[in-house]
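Trainee: I would like to learn how to read side-chain contacts in a model. Could we start with the cysteines and then go on to charged pairs?

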Amino acid sequence: MNKLEQLKQRSLVVADTGDIEAIRRYHPQDATTNPSLLYKAAQLPQYQDHLKSALQWAHSAGGDIVQQAAMKLAVAIGVEILKIVPGVVSTEVDARLSFDTRASIDYARRLIALYEQEGINRDRVLIKLASTWEGIQAASILEKEGIGCNLTLLFSQCQAVACAEAGVTLISPFVGRILDWYKASTGRNDYTAEDDPGVLSVASIYDYYKSRGYETIVMGASFRNTGEIEALAGCDKLTISPQLLQELQDDEGTLAAGLPSEVASQPAPAAALSEAEFRYQLNDDAMATEKLAEGIRNFVADQLKLEALLEQQR
């Protein structure tokens with residue numbers, strides 16, 4: 001077996017793309033999208049009919065036509081993906097709402113309603129939210145309504161702890177973006193998979209969850225190379241770009257050992273993390289604070305690019 005086939009025996013593989021052809025090629029269990037991936041997908045020929053249909057729908061939906069069309073297009077692409085993957089697709093709440101719990105909940109409910117209008121049950125969709133305090137609180141409420149959530153832009157232990165205590169379905173701790181920060185801040189470029197700070201962060205979160213019996217799924221994300229992926233083999237899920245999926249598929253070697261299959265049991269905290277504790281711990285982590293803020297800004301920038309593309313088509 002090639003390394004991709006070996007990996008699939010240990011972790012559920014998720015395609016980190018909105019490109020239908022790439023998803024068909026690698027046969028992932030699930031797929032994730034975000035504003036950056038949707039912007040790229042919206043420029044592909046196979047999605048032009050969906051783009052036009054989204055705009056037509058938005059004219060009759062009321063509200064801001066371009067923003068409504070962007071939401072409809074995200075769902076249309078998600079529906080196409082669900083025709084291929086057997087599992088779930090993740091669709092993101094507008095990143096401009098990352099610090100507004102109520103607005104995030106309303107946006108998520110609208111996304112789910114649009115999926116259900118297309119005949120897609122909510123158990124096949126995960127709503128992506130930034131791992132801000134407000135995003136985590138929104139997820140806690142949505143989960144109680146049977147709307148599963150994927151908490152993204154997660155860079156620190158305190159974010160992971162708060163997500164688990166909120167009963168979130170899945171988290172997407174980032175690997176490559178953590179490595180990027182450490183390379184930039186230290187000037188060091190010789191990190192290996194064994195001392196990669198992104199890999200170590202996800203491995204620590206995984207151990208914390210499994211040793212304390214939390215059911216929240218850990219899905220490693222944002223990989224820069226296949227070494228990071230191999231080091232996290234055994235993680236519940238791994239979301240991987242088409243380029244790295246191809247590299248794994250082309251490699252006939254033996255997959256690295258990855259994460260341990262068993263972890264020692266540990267007691268859960270006596271009390272849940274408070275908002276004040278969460279904000280202090282996040283603030284105390286310069287990398288997490290900076291990468292979370294940067295990630296939100298970048299997602300907003302790509303959302304605006306997508307809306308500009310839709311505006312041109314009006």
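Mentor: Start with disulfides. A disulfide is a covalent bond between the sulfur atoms of two cysteines. This is a predicted model, and the structure holds 0 disulfides.

Trainee: Why is Cys-163 without a bond to the closest cysteine sulfur?

Mentor: Distance decides. The closest cysteine sulfur to that of Cys-163 belongs to Cys-158, and at 9.5 Å it is too far for a bond. The cut-off is 2.5 Å between the two sulfur atoms. Cys-163 itself is buried, with a relative accessible area of 0%.

Trainee: How far is the nearest cysteine sulfur from Cys-235?

Mentor: It is 14 Å away, in Cys-163, and Cys-235 is in no disulfide. Cys-235 also counts as buried, at 0% relative accessibility.

Trainee: Now the charged pairs. How many salt bridges does the structure hold?

Mentor: There are 21 salt bridges. To count, a side-chain nitrogen of Lys or Arg has to be within 4 Å of a carboxyl oxygen of Asp or Glu. One of them pairs Arg-24 with Glu-21, at 2.8 Å from N to O.

Trainee: Where do Arg-24 and Glu-21 lie?

Mentor: Both are in helix α2, residues 20–26, and 3 residues apart, which is about one turn of the helix. Arg-24 is partly exposed at 43% relative accessibility; Glu-21 is partly exposed too, at 40%.

Trainee: Which residue forms a salt bridge with Asp-180?

Mentor: Arg-224 does, with the closest N and O atoms 2.6 Å apart. This pair links distant parts of the chain, 44 residues apart: Asp-180 sits in helix α9 (residues 176–186), and Arg-224 in the loop between β7 (217–220) and α11 (226–231). Asp-180 is partly exposed at 29% relative accessibility, and Arg-224 is partly exposed at 39%.

Trainee: What parts does the pair of Asp-236 and Lys-210 tie together?

Mentor: The side chains of Asp-236 and Lys-210 meet in a salt bridge of 2.9 Å, N to O. Asp-236 is in the loop between α11 and β8 (237–240), while Lys-210 is in helix α10 (residues 197–212), so the bridge ties together parts 26 residues apart in sequence. Both ends are again intermediate in accessibility: Asp-236 is partly exposed at 22%, and Lys-210 is partly exposed at 29%.

Trainee: Which residues are joined into one network by salt bridges that share partners?

Mentor: Lys-3, Glu-230 and Asp-251 are joined in that way.

Definitions and conventions:
Residues numbered from 1 in each chain as written. Predicted model: local features only at pLDDT ≥ 70, side-chain atom pairs only at ≥ 80, totals over all residues. Heavy atoms only, no water. Helix = DSSP H or I, 4+ residues; strand = E, 2+ residues; numbered from the N terminus. Buried < 20%, exposed > 50% of the residue type's maximum accessible area, 1.4 Å probe, protein only.
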